[in-house]
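Reader: I have a structure to look at and would like to learn how to read its features one by one. Could you take me through it slowly?

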Amino acid sequence: MNTLLEVKDLNVSFQGNENENKTGNKSENKNETVTAVSCLSISIREKETLALVGETGCGKSVVAHAIMRLLPPESIVKGTIEFKGKNLLKLSEKEMAKLRGKEISIIFQNPSLALNPVYSIGHQLAEPLRIHTQKMRWKEKEGKKEKVKQKEKREKKKENSNLSKVSRALKRVGFSNPREYMGYYPSWCSGGMNQRFLIAASTMLDPVLLIADEPSKGLDRDRVSELENELKGLKEKSETSLLLISHDLGFVRRLADRVAVMYAGEIVEIADPSSLFESPLHPYTRGLLNSLPERGFVPIPGASPPLSNPPAGCRFHPRCPIKEKRCTQERPELKESNGRAVRCFLCP
Amino acid sequence: MHEAAKKTFRYVASFLLIVTLNFALPRLMPGDPVKNLIGEDVYVSEAVMEELRTEMGLNRPLYEQFTAYIGDLLRFDLGYSYHLHSPVAEILRERIVWTLLFVGVSVLLGAALGTLFGAYAGWKPETKANRLACCGFIALSCTPPYFLALLFLEIFAFKLGLFPFKGFYDVPTPGSIAHHMFLPVTVMALFSASRNFLIMRGSVIQEKGQLYALYARAKGLYDISILFRHVIKNASLPIITLLALDFGFLFSGALFTEIVFSLNGMGTLIYDAIIGKDYPVLQGSFLVVALAVLLANMLADLAYAIADPRVRRPA
């Protein structure tokens, strides 16, 4: 299978003044630079699901936003993000806008806020269709001038076909009477419903890459399993690759083809889910798994380091139960063996 | 339906309160209206004054005056002005058309200009042009409208001679009216625009940071089309309130502007009535202004239900 997305040495940092960045880490000093993501390399193959897990504030969402180039202007992004052979970081905003929503889509973690409160669900779901077909219509206009009446007819037809596409998408995410829901507004619906609207909107144009940023956050068990089925169905029916960002490990285990564990802006381990969950290598991964309720509920001692001032050496060493002297001085590299990768001196 | 009934009750209650206040306020003002009507330099015997008082109903007990007032109101009879020697309702009908034209055009123009410029200034607040515009509009909103009116009159009418000094028209043709209205409408529109600009700018700055704006970008919209397709509708919701408030505010602001430009609208009518203690005219015009503001608020209420689905429920 071909590689669809290749992220190499991604570094994202935020300049001082804006302290409320996506990492959620608030630094006390106003002029500090917060490095939310450092030297991150991941790749996603076609039709593959890669999960990015880690605790809140480790930079997962920043990676997602960096790939879509949605970070605020005061962020500094370095490295390369290659999508279908193109470096996304070198594209102009206009070229990037053409990819967004069509080739790469994102599902945000807060569905009720991501939908515009004053437009109807139908209107918002049809929007990707309108945006990405309009550009083609411009080209047509340049080529030959159509008669006004014909054009009107065409537009009506287009609007109708948009509506039926929207209702089909709504049916796909489990609404049996989509026409009714298309006239609804986000504030009239529950968070779980909005979540499904958002999924329908983001997958409207069958993107090649779908980024799901904590899609299960704030949903109860039933909704999570429904969401799981929707994402599974999506993977089976279309050619979509999925970048799944979550801290719900059970959810990740059931969906992902590969799992990357992040800690303090770095990837510490990449493996397929069964080997990761059965024989975790990195002490952080082990700690993470031990903190699950079904595995004894043992928390990792201490707290994650501030990203404005990460510890020297291995970033996990202050909390590591098996640390040695060199862990506090040298920074370990991500070592690959047998299709797994781990960032630890003490792991084989 | 329950909500609608509540709202109707609230409006009826405020209407009754307005009517009562409107009756009480002119009677609480110092001075004797009869003396004022006659003038201070003419001596009139007590008997004649008493006769006049009886004729105007001013010597009866307050509650009788009040019931008479309510009864007249129901017959659309707002009384008779001794100063202007004609029924108040007729005077008001004649004057209000002009003020409505003047205020209405200014409010709409100001809202349109202020909203558009404000939206753009909020979208790109860091550019030099927008910073300059912001300073300019803050200065405008701090300037009292009558001062601006005087300044405009001095520059454009006296010095440059481009516009007439006073009145609504020389001959009642649309061209002449437009020529006469240009300066006062510009002053009031600028003043209204400055308020709308500042509200809209802040509102856009706040709304563009919302997640739905980022999601609009993630859908493939970029730059200014996010503003027009997503942010502007949310950001302009406070403008509806401001429009309703502005309507009342401009009526009073129009008073000074009307005096400066010698326009015979509601403003000058109220001003003359206060100076001359012309009770019936005062009561009548206060009632009309209060009703206009009440109506504007009601319209704003309705407009919110249409524009914002959050105050509506699914049918």
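Reader: What percentage of the 315 residues of chain B count as buried?

Author: A word on the source comes before the answer. This is a predicted model, in which local features need pLDDT of at least 70 and side-chain atom pairs count only at pLDDT 80 or more, while totals for chains, interfaces and linings use all residues. Residues are numbered from 1 along each chain as its sequence is written, chains are lettered from A and ligands numbered from 1 in the order in which they are written, and side-chain values use heavy atoms, with hydrogens and water left out. As for the term, buried means under 20% relative accessible area, exposed means over 50%, and partly exposed lies in between, with a 1.4 Å probe and protein chains only. By that rule, 43% of the 315 residues of chain B are buried, and in chain A, with its 348 residues, the buried part is 52%.

Reader: How many helices and strands do chain A and chain B have?

Author: Helices (H or I, at least four residues) and strands (E, at least two) are DSSP runs, numbered from the N terminus. Counted in this way, chain B has 13 helices and 2 strands, whereas chain A has 11 helices and 12 strands. The C-alpha atoms of chain B fill a box of roughly 85 × 60 × 35 Å along the principal axes.

Reader: What supplies the surface that each chain exposes?

Author: Accessible areas come from the Shrake-Rupley method with a 1.4 Å probe, and for residues only the protein chains shown count as cover. Chain B exposes about 16700 Å², of which carbon and sulfur atoms supply 70%; for chain A the accessible surface is about 16600 Å², and carbon and sulfur atoms account for 49% of it.

Reader: How should I read a single helix, for instance helix 4 of chain B?

Author: An α-helix has 3.6 residues a turn, so residues three or four places apart point the same way. The expected span of a helix is 1.5 Å times one less than its number of residues. Helix 4 of chain B, residues 62–74, has 13 residues and reaches 18 Å from its first C-alpha to its last, close to the 18 Å expected. Its buried residues are B:Gln65, B:Tyr69, B:Gly71 and B:Leu73, and the helix is followed by B:Phe76, whose phi is positive, near 55°.

Reader: Which other residues have a positive phi although they are not glycine?

Author: Two cases are A:Glu214, with phi near 45°, and B:Ser262, with phi of about 45°. A:Glu214 lies in the loop between strand 7 (209–213) and helix 8 (221–237) of chain A, and counts as buried because its relative accessibility is 5%. B:Ser262 lies in the loop between helix 11 (237–260) and helix 12 of chain B, and at 33% relative accessibility B:Ser262 counts as partly exposed.

Reader: How many aromatic pairs are found over all chains?

Author: A pair of aromatic rings is described by the distance of the centres and the angle of the planes. Rings of Phe, Tyr and Trp (its six-membered ring) pair if their centres lie within 6.5 Å, and planes under 30 degrees apart count as stacked, over 60 as edge-to-face and the rest as tilted. A search of the whole structure finds 15 such pairs. In one of them, the rings of A:Tyr181 and A:Phe197 have centres 6.4 Å apart and planes at 50°, so the pair is tilted. This pair links distant parts of the chain, with A:Tyr181 in helix 6 (residues 178–181) and A:Phe197 in helix 7 (residues 191–202) of chain A, 16 residues apart. A:Tyr181 is buried at 18% relative accessible area, and A:Phe197 is buried at 0%. Ring pairs join both of these residues with A:Phe175, A:Tyr184, A:Tyr185 and A:Trp188 into a cluster.

Reader: What does A:Met262 touch, and where is it found?

Author: Contact means heavy atoms within 4.5 Å. A:Met262 is found in strand 9 (residues 258–263) of chain A and is buried, with a relative accessible area of 0%. Leaving out residues up to four places away in sequence, A:Met262 touches several residues, among them A:Leu40, A:Leu52, A:Cys58 and A:Tyr284. A:Met262 and A:Leu40 are 222 residues apart in sequence, yet 9.4 Å apart in space, C-alpha to C-alpha.
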